[in-house]
Every structure is written in C-alpha cells, then in structure tokens.
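Thank you all for making time this morning. I would like to walk through one structure with you, going from its sheets to its cores and then to its cysteines.

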Amino acid sequence: MGRVYNFSAGPAVLPEEVLKEAAEEMLDYKGTGMSVMEMSHRSKAYEEIIQTAEQDLRDLLNIPDDYEVLFLQGGAHQQFAMVPMNLMKNKVADYIVTGQWAKKAFKEAQIFGNAKCIASSEDKTFSYIPDCSDLPIDDDADYVYICENNTIYGTKFKTLPNTKGKVLVSDVSSCFLSEPVDITKYGIMYGGVQKNVGPAGVVIVIIRKDLITEDTLPYTPTMLKYKTHADAHSLYNTPPAYGIYICGKVFKWLKKMGGLEVMKQKNEEKAKILYDFLDSSKLFKGTVVKEDRSLMNVPFVTGDADLDAKFIKEAKAAGFENLKGHRSVGGMRASIYNAMPKEGVVALVEFMKKFEEENA
C-alpha cells in the first residue's frame, strides 16, 4: 500500500521530502557514523542541529532578539501549569475559553491562583469565537490566555483579543507556522509540534525575555521554570533530540516553500476548496460560523450518526485516514495542515460528492 491521505489532527501528516531525508540519514547523519537518535545532545553535531533549528524558526517568524525560543517536553498540557507557575505574580489571570484545551488550561490555572473565565463560547458548543474587543480584564491580571486555533471545534481567532495592556499568552498548537504572525503582540506563544511541525514529544515556547525570571510561584520544580531552560539554551537535560531534528527539517522545508506568506496562501486555497463544497452540499454541513473558521481543522457532519459512521468507514477504505471527529463531539473532521497537499483536499471533496450522490 502506498501513502494515504492522512487527515489526522495530530500526530499528523509530515512533508514527504522531510521523511525521505530523515530516512536517508537514519544510519549515518552527515558522516558521524550514527543516527541523530543515538547522538549525544552535548555533541558538536547535535549543537549545530538545535542551533540551526532555532535560527530557521527565528527567520520564519521574524522573532525579535528580546524573545527566547525554547524546545521543551511535556506537550501543551504541561504549559497549562508552567504558564501560571512562572507568570502568576499577582495570583490573578484571565482566560478566554473557546474549546476543550482552553478549558483544561483554565482549570489547571485555578490550582495556582484566581483564574477567571472572562469570555466563552461554550453556550453554542464552541462553534464561534466571542467578541474580545472590550472584555472585563482584571486590573491585577498577570496575563490573558487564549487557545488561538481550536483543533476539536475548528475555530480560529482572526483578531487577537484586546488585552488592555496585559500580557497575552497563546496556545498555537494547531495553527503554528500556518501563516505569518506578529510575535511582538504576544508575551508567550507556545505549541505542541505534532500537528503542523514535527513528531509528538516537542513543545516550542516563544517567550519575551522579561517574563523569564527567578520569581516563580513557590514550589515550582526546577524543570518547570522557564529560566532553567532559557539559561541552558534548551539543553538543561536531554531534550527530545530526534523530534527537534525533524522540526528543524520542517523549518528548512517551509523556507524552501517560500515562507509563511506562501503557506498562508496555500492553506487558504486548500480550506476554500473544502468549505465551498460544505456550503453547497445538501448532505454535509460545516459546524462553525463562517467568520471564525479555522484553516487547519474543518469539522463537518451529515446530521445522522449512522451516516457519519458509514462515511468514515468508506473514506478509510478509499485511502482517506483519520476523518473521525474528536471523541467528545463526534461527526467528522479533516485536518489540513501545512504538509497536506492540495491534491489530498481535492480528492477528499471528490469522494464526498460521490458519497452524497450515493446516499442522498
């Protein structure tokens, strides 16, 4: 069997040429006589891998010098705790809850202080992004928190909230590197890489340097202090070395493709093909209000659970993998990250048209 079209929300599709390159280097990385998997993270060869990866990421996102880039472990879930542990000096934080992960982050922050939900879209199953232009932000809030793209529900902040001068913390796990962003609008931007950037096991944190201090909450473990990792350039302990190496290759691939401006165009084009079909279909329906639709995650339903199940089964048999919606919402979801080729989306829409004809 050849390669399938993999619409998984994460771990997700990676660029084929990156996988081929990694395969070629599997037994002997650049004449070292060993795989990156076997290499000491203290070696000259590895130091070059992680430094190049960081520089390429800085180039792609135009990350200013007053921001630190950290390659960490523990996924986005660990950041749910690390953020308040490092930032909650006044023990107050404001959360905008637009999905499952923001909700989990909000709940986690309540362990450490007075975390407040200042806006939510839970009233309509997270199918939209609330108006965040004038929120009741606490004068003492240490930061305002969002999950920028909601993987499960397929919504995306097209406009960042007005934080009224407070630090913005954003989980960008499922939209990371899908379009250009202005890093200076964020205090912390972080994302698990297993959706758009690399294999599971790495989380990238881009943090403004003035937010990295010794002054963390009492009892914060050494490993959960941003300062620990910043001072050691992400090499305080053994990092997820192989995962970072693959991320580095993806950064090179993105540069070669023309950078994030080009990726944004490609992603808009792919998403339009699928959304246009959903808007014209009599059988399939998108679940998100138009103006808040994600370019990365597209949830849809037929309105009939049995028909949804039949579609998922037949799609899998036709080589379209992982179209089942998240277990918490059901239905279908196509994740069309950077590495999903346009042909994959076109082929999916053709298959959906055929299914609609046969099941109308």
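**Sheets, cores and cysteines**

Let me begin with a single pair of residues, Val 169 and Ile 188, which stand opposite each other, with Ile 188 belonging to strand β9. Please keep in mind throughout that what we are looking at is a predicted model. The strands behind that pair are β8, residues 168–171, and β9, residues 188–192, and they pair in the parallel sense over 3 bridges.

Both belong to an open sheet of 7 strands, which has the order β2-β10-β9-β8-β5-β3-β4 and in which the pairing is mixed. At its edges are β2, residues 67–72, and β4, residues 114–120, each of which pairs on one side only. On average, neighbouring strands of this sheet are turned by 20 degrees against each other, if direction is ignored.

Turning to the helices, α3, residues 75–87, packs on this sheet and touches β2, β3, β5, β8, β9 and β10, while its direction makes about 160 degrees with that of β9. Helix α4, residues 100–109, lies across β3, β4 and β5, and runs at about 160 degrees to β3.

There is also an open sheet of 3 strands, in the order β11-β12-β14, with antiparallel pairing. Here β11, residues 285–286, and β14, residues 332–335, each have a single partner strand, so one side of each is left without a neighbour in the sheet. Strands β11 and β12 are joined by 2 bridges, and Lys 285 stands opposite Val 301 in β12.

What about the interior? In soluble globular proteins, nonpolar side chains tend to be buried together. In this model the largest nonpolar core has 88 residues, and among those with the most contacts inside it are Phe 251, Phe 284 and Phe 311. Helix α6, residues 241–257, gives the largest share of this core, with 10 residues. If we set aside neighbours within four places in sequence, Phe 311 is in contact with several residues, including Phe 284, Phe 300, Met 332 and Phe 355. Apart from this core lies another, of 36 residues, among them Leu 70, Met 82, Val 83 and Leu 224.

Finally, how many disulfides does the count come to? It comes to 0, and for Cys 117 the reason is that its sulfur is 10 Å from the closest cysteine sulfur, in Cys 132, which is too far for a bond. The two also sit in unlike surroundings, since Cys 117 is partly exposed, with a relative accessible area of 37%, whereas Cys 132 counts as buried, at 8% relative accessibility.

Methods: Residues numbered from 1 in each chain as written. Predicted model: local features only at pLDDT ≥ 70, side-chain atom pairs only at ≥ 80, totals over all residues. Heavy atoms only, no water. Pairing = 2+ DSSP bridges. Helix = DSSP H or I, 4+ residues; strand = E, 2+ residues; numbered from the N terminus. Axes fitted to C-alpha atoms, helices over the stretch in contact; angles between N-to-C directions. Contact = heavy atoms within 4.5 Å. Core = buried A, V, L, I, M, F, W, Y, C linked by side-chain atoms within 4.5 Å. Buried < 20%, exposed > 50% of the residue type's maximum accessible area, 1.4 Å probe, protein only. Disulfide = S-S within 2.5 Å.
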